[in-house]
Amino acid sequence: MAQHWHGAPIASSGVNVRHNRIFPAKNHIVVVNDNGEVWAHYIQPGSVGDAVHLPGPAVAVHGVPPKFVTLDKHHSRLLVINASGEVWAHDLDLNSRHTGNAYHIQGPALGHAAHDLDVYASKHGLVVRNSAGELWVHHYTDRNAYGGASKMNSPPVASSGTPPRFVFKSNRRFIVVNTNGEVWAHQRTASWQQGANFGGAYKASHELVAVGGTPAKAVISWKNFILVINQSGEVWAHTLH
């Protein structure tokens, strides 16, 4: 059964926040709104802290229109992939509470094709998921550069069966929450150095998620929880198996 985490509402300031611009980061939930402001809430099981503004340059509002925004937890930065497939980064410091200036991550264009649905950051590179459920990885060649695309030899992710509603990467897994509220996962079957692949889908929760009640704004994972953030900014937690 879902547990309500008491505290400050998430993404409820009145400025629009898109469902895929709410991220777990260490012991925080980070929010990037449509004004490019970055806010963070300290969290612990059962409670959500007040929103704290992280001053710095606006994220994903200037230059070539952004297509995706993702969090690179390993390098503590927000990544903006624009409509031209360029990748730009803003360092994120949750201790001193600020974001840095944008800098370019060198590499071939990625995520700009019409059938590309999302981009995810891992410790070793950037992963693009397309409408066929294929996963393509661009490995980092150093902190500020990445190489060409390599297709993962993995079953399709979120491309068949009940339509997906939320898809996100959670450590060694891809998590899919479909329109029925079922939670499915694809587990990584090899290390990135060995040519990481992800296995077939399996049920990752006995509970239905993000169905009924106040409609969900976003679904994310943190530690062994799936967190549903509804349109009122409330956080409801389900255990992730």
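The lining of the largest pocket in this predicted model comprises 15 nonpolar, ten polar and eight charged residues. The volume of this pocket is about 700 Å³. Among its 33 lining residues, those closest to the pocket centre are Thr70, Tyr120, Ala121, Phe168 and Lys169. Two or more lining residues are contributed by each of E2, strand E6 (66-72), strand E11 (116-121), strand E15 (164-170) and E19. The largest share is that of E15, with six residues.

Two of the elements that line the pocket, E2 and E19, recur as the edge strands of an open sheet, where each pairs on one side only. Strand E2 spans residues 22-25 and strand E19 spans residues 216-222. The sheet is built from eight strands in the order E2-E3-E4-E5-E1-E21-E20-E19, with mixed pairing. On average, and with direction ignored, neighbouring strands of the sheet are turned by 30° against each other.

Within this sheet, strand E5 (residues 47-54) pairs with E1 in the parallel sense over two bridges. Histidine 6 is placed opposite serine 47 of E5, and glycine 7 is placed opposite valine 48 of E5. The pairing of E5 with strand E4 (residues 38-44) is antiparallel and involves six bridges. Serine 47 in E5 also serves as the bridge partner of glutamine 44. The hairpin of E4 and E5 has two residues between the strands, and glycine 46 adopts a positive phi near 100° there.

Aromatic contacts provide a further link within the sheet. Five aromatic pairs are present in the structure. In one of them, the ring centres of tryptophan 5 and phenylalanine 225 are 5.2 Å apart and the ring planes meet at 80°, so the arrangement is edge-to-face. Because tryptophan 5 belongs to strand E1 (residues 3-7) and phenylalanine 225 to strand E20 (residues 225-230), this pair ties together parts that are 220 residues apart in sequence. Both tryptophan 5 and phenylalanine 225 are buried. Phenylalanine 225 also pairs with tryptophan 222; here the ring centres are 6.3 Å apart and the planes lie at 15°, so the pair is classed as stacked. Trp5, Trp222 and Phe225 thus constitute one aromatic cluster. The relative accessibility of tryptophan 222 is 4%, and this residue therefore counts as buried. For phenylalanine 225 the corresponding value is 15%, which likewise places the residue in the buried class, as the cut-off is under 20% relative accessible area.

Backbone conformation was also examined outside the strands. Most residues other than glycine have a negative phi. Serine 76, although not a glycine, has a positive phi of about 50°. This serine 76 is located in the loop between E6 and strand E7 (77-82), and its relative accessibility of 25% places serine 76 in the partly exposed class. Arginine 97 is likewise not a glycine and has a positive phi, of about 60°. The loop that holds arginine 97 lies between strand E8 (87-93) and strand E9 (98-99). With a relative accessible area of 46%, arginine 97 is partly exposed.

Terms used
Residues are numbered from 1 along each chain as its sequence is written. This is a predicted model: local features need pLDDT of at least 70, side-chain atom pairs count only at pLDDT 80 or more; totals for chains, interfaces and linings use all residues. Side-chain values use heavy atoms; hydrogens and water are left out. Rings of Phe, Tyr and Trp (its six-membered ring) pair if their centres lie within 6.5 Å; planes under 30 degrees apart count as stacked, over 60 as edge-to-face and the rest as tilted. Helices (H or I, at least four residues) and strands (E, at least two) are DSSP runs, numbered from the N terminus. Buried means under 20% relative accessible area, exposed over 50%, partly exposed in between (1.4 Å probe, protein chains only). Two strands pair if DSSP finds at least two bridges between them. Axes are lines fitted to C-alpha atoms, for helices over the stretch in contact, and angles run from 0 to 180 degrees between N-to-C directions. On a 1 Å grid over the protein atoms alone, a cavity is a set of points where a 1.4 Å probe fits but cannot get out, and a pocket is an open set with protein on both sides within 12 Å along at least five of seven lines; lining residues have an atom within 4 Å of a point. Grid points are joined across faces, edges and corners, and a volume is the space filled by probe spheres set on the points. Ala, Val, Leu, Ile, Met, Phe, Trp, Tyr, Cys and Pro count as nonpolar, Asp, Glu, Lys and Arg as charged, and the others, Gly among them, as polar.
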